[in-house]
Amino acid sequence: MKSKIKKITILVTIIMIFFTANNIIKQNIIPEVIPNNRNIASSHYPVYIKTYNTNQQEVFIKIKKQLQRVIAYHQDNIELLLKLGLGDKIVATAGRFISLENEEIQPQQDFFKSIHYYGLCGINQEFAVSLQPDLIMGYPSSFSSKGIWSLGTTDFWNMRGCNCYIAHQRGSNNVETLETEYKFIRDVGNIFNREKEAELIVANMEDAINNVLAKVPNRKAYRVMVIYFTGKRRLNLGVNTLVGNIVERLGSKMVDVGQTISFEDIVAANPDVLLVVYNSNSDNDKKSIVNNRLLASVSAVKNKKVYLIPQIYTGNSGVRTLEAIKFISKKLYPDLLNK
């Protein structure tokens, strides 16, 4: 009897070992050997993304599946979609595009055609509804109750089954940093199941910062001002802007003297480097500093460290943040990085 029980016990043990081993094989080996893209994609969703509503309140949107029809407002949203290989998802774009100084007109026009671009404010609510979007990427102005860019409130679109995304730096928090740009890039990567591609973009930006710091270990902490001429006003882009955060991450120091400044304020601040935001009158703006007798004693003017900087490098840069980091680095440390 004991012998029979022993045989049964051994048989049960063998069966258990077999099924356990079989389960281990199924769980650990088969998914790696035979990847199923459809299963991998479906397992990514749903995802929850923190964003803002029309009232600038933080909310979470639930993305249930891969989105297919996107309306994108403004340069940073559009360029990020293209960088992540999502151009085929775009059904319409509109908003501001800021050209660099050396960009030619015809390639820009060809580019605009390829992204279904409707100009600065060429999409109205009726047209947008006809496009049946499942995602609208924009700024707060895209979802206000009125305005040239408004397509209607977030509630209006949510009731029609359309997700609304406003990047972190577009909400109620006025501080824009590299981290808020990184969050924007990661959010979009998460929405579209392009997380690896998004992380690579962010990693390249962080590598660019670290490479500069490694090359200039004994760097001087320059005092920097970034000035934006708008009509007769001169605005100081301070530490709470993306350009200010990049300058400080690169080891220099932003001179914060308030937002609206005078030439006398520039003299009193005496920055080592002056960055003048590039726009249509940028040459005149730079000359108004370089040739201004009131500013002759300013360190940046004396040492010829007054530079133009494209506006797209100062805020809401998106994928161009990498270009911004490299550009600012070379202006701060030309002797070390322009070799």
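This is a tour of a predicted model, moving from the whole chain to its strands, its core and a few of its helices.

**The whole chain**

Begin with the full protein chain displayed, in which 15 helices and eleven strands can be picked out. Of its 339 residues, 46% count as buried, and the accessible surface comes to about 18,500 Å², with 53% of that area belonging to carbon and sulfur atoms. Among the contacts with a separation of 6 or more, 67% are made by residues 24 or more positions apart.

**Strands E5 and E6**

Select residues 135-138, which form strand E5, together with strand E6; the two run parallel and are joined by four bridges. Within this pair, Met 137 has Tyr 165 of E6 as its bridge partner. Now keep only E6, residues 163-166, and look at its two faces: Asn 163 and Tyr 165 lie on one side, Cys 164 and Ile 166 lie on the other, and all of these residues are buried, so that both faces are covered.

**Strand E7 and its partners**

Next select residues 223-230, strand E7, and add residues 253-254, strand E9, which pairs with E7 in the parallel sense over two bridges; here Val 224 is bridged to Met 254. Adding strand E10, residues 273-278, brings in another parallel pairing with E7, over four bridges, and in this one Ile 227 has Val 276 as its partner. Strand E8, residues 233-236, pairs with E7 in the antiparallel sense, also over four bridges, with Tyr 228 opposite its bridge partner Leu 235. Two residues lie between the strands in the hairpin of E7 and E8, where Gly 231 takes a positive phi near 65 degrees.

**The largest nonpolar core**

To see the largest nonpolar core, which has 59 residues, start from those with the most contacts inside it, namely Leu 81, Tyr 165, Val 188, Phe 192, Val 224 and Ile 328. Helix H9, residues 195-215, gives the most to this core, with seven residues. Then centre the view on Ile 328: apart from residues up to four places away in sequence, Ile 328 touches Val 243, Ile 246, Val 247, Leu 250, Ile 309 and Tyr 313.

**Helices H9 and H14**

Show H9 alongside helix H14, residues 321-332, and look along the two axes, which come within 9 Å and cross at roughly 10 degrees. Because of that angle, H9 is roughly parallel to H14. On the H9 side, select Asn 204, Met 205, Ala 208, Ile 209 and Val 212, which meet Thr 321, Leu 322, Ile 325 and Ser 329 in H14.

**Helix H10**

Finally, turn to helix H10, where six of the eight residues are buried, so that H10 is largely enclosed by the rest of the structure. The buried residues to select are Leu 242, Val 243, Gly 244, Asn 245, Ile 246 and Val 247, and they pack against helix H8, strands E7, E9 and E11, and helix H14.

One of these residues, Asn 245, sits in H10, which spans residues 242-249. Asn 245 counts as buried because its relative accessibility is 18%, and the cut-off for buried is under 20%. With neighbours within four places in sequence left aside, Asn 245 is in contact with Glu 176, Thr 177, Leu 178 and Val 239. The last stop is Gly 251, which follows H10 and has a positive phi, near 100 degrees.

Terms used: Residues numbered from 1 in each chain as written. Predicted model: local features only at pLDDT ≥ 70, side-chain atom pairs only at ≥ 80, totals over all residues. Heavy atoms only, no water. Buried < 20%, exposed > 50% of the residue type's maximum accessible area, 1.4 Å probe, protein only. Pairing = 2+ DSSP bridges. Contact = heavy atoms within 4.5 Å. Areas by Shrake-Rupley, 256 points an atom, 1.4 Å probe, with all protein chains shown as cover. Core = buried A, V, L, I, M, F, W, Y, C linked by side-chain atoms within 4.5 Å. Axes fitted to C-alpha atoms, helices over the stretch in contact; angles between N-to-C directions. Parallel < 35°, antiparallel > 145°, perpendicular 65-115°, else oblique.
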